[in-house]
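Got the viewer open? Load the model, switch to cartoon, and follow along from the whole chain down to a single side chain.

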Amino acid sequence: MPMLDPPREDTANTIESLHRANISVKMITGDHVNVGRETARLIGLGTDIQAGEDIRTATNPEERKQLIWDADGFAAVLPSDKREVVLTLRNEYGIVTGMTGD
């Protein structure tokens, strides 16, 4: 039975403010994919949350790039998955990236 780690009270407002400023947000979490999807829904992110394993097992670099670009976030990730997402967004798409933790 998955357990939800509820988001902070101000998280949804923060996400909404970022979206109004035209800043995209991707969630990257070690939680189970279903927990990640529900958390994303609760805070106003898209719910296209993919498994970190999908990053690791993508054999075609172009498909991996597209997966990272299209997804609203990733769950059940390893530290190397987080690094891959940030490096791909920065190096392949020229996106300024930042990370924060809870």
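Start with the whole chain in cartoon: there are five helices and three strands, where helices (H or I, at least four residues) and strands (E, at least two) are DSSP runs numbered from the N terminus. Going along the sequence, you pass through α-β-α-β-α-α-β-α. Keep in mind that this is a predicted model, in which local features need pLDDT of at least 70 and side-chain atom pairs count only at pLDDT 80 or more, while totals for chains, interfaces and linings use all residues. Numbering runs from 1 along each chain as its sequence is written, and side-chain values use heavy atoms, with hydrogens and water left out.

Zoom out for the overall dimensions. Along the principal axes, the C-alpha atoms fill a box of roughly 40 × 35 × 20 Å. Of the 102 residues, 27% count as buried, that is, under 20% relative accessible area (exposed is over 50%, partly exposed in between; 1.4 Å probe, protein chains only).

Now select the strands. They make an open sheet in the order E1-E3-E2, with parallel pairing; two strands pair if DSSP finds at least two bridges between them. E1 (27–28) and E2 (49–51) are the edge strands with a single partner each, so each has one side without a neighbour in the sheet. Pick E2 and E3 (residues 73–75) and you'll see their parallel pairing, over three bridges. Ile49 sits opposite Gly73 in E3.

Next, add helix H2 (residues 33–43). H2 lies across E1, E2 and E3, at about 165 degrees to E2. For these angles, axes are lines fitted to C-alpha atoms, for helices over the stretch in contact, and the angles run from 0 to 180 degrees between N-to-C directions.

Move on to H4 (residues 61–70) and H5 (residues 79–92). Their axes are 10 Å apart, at an angle of about 100 degrees. H4 and H5 are therefore roughly perpendicular, the label for 65 to 115 degrees. Show sticks for the contact (heavy atoms within 4.5 Å): Arg64, Lys65, Ile68 and Trp69 from H4, and Glu84, Val85, Thr88, Leu89 and Glu92 from H5. By class, the contact of H4 with H5 has four nonpolar, one polar and four charged residues.

Last stop: which helix holds Leu18? Select H1 (residues 11–20) and you'll find Leu18 there. Leu18 is partly exposed, at 27% relative accessibility. Leaving aside residues up to four places away in sequence, Leu18 touches Ile23 and Val25.

Notes: Angles under 35 degrees count as roughly parallel, over 145 as roughly antiparallel, 65 to 115 as roughly perpendicular and the rest as oblique. Ala, Val, Leu, Ile, Met, Phe, Trp, Tyr, Cys and Pro count as nonpolar, Asp, Glu, Lys and Arg as charged, and the others, Gly among them, as polar.
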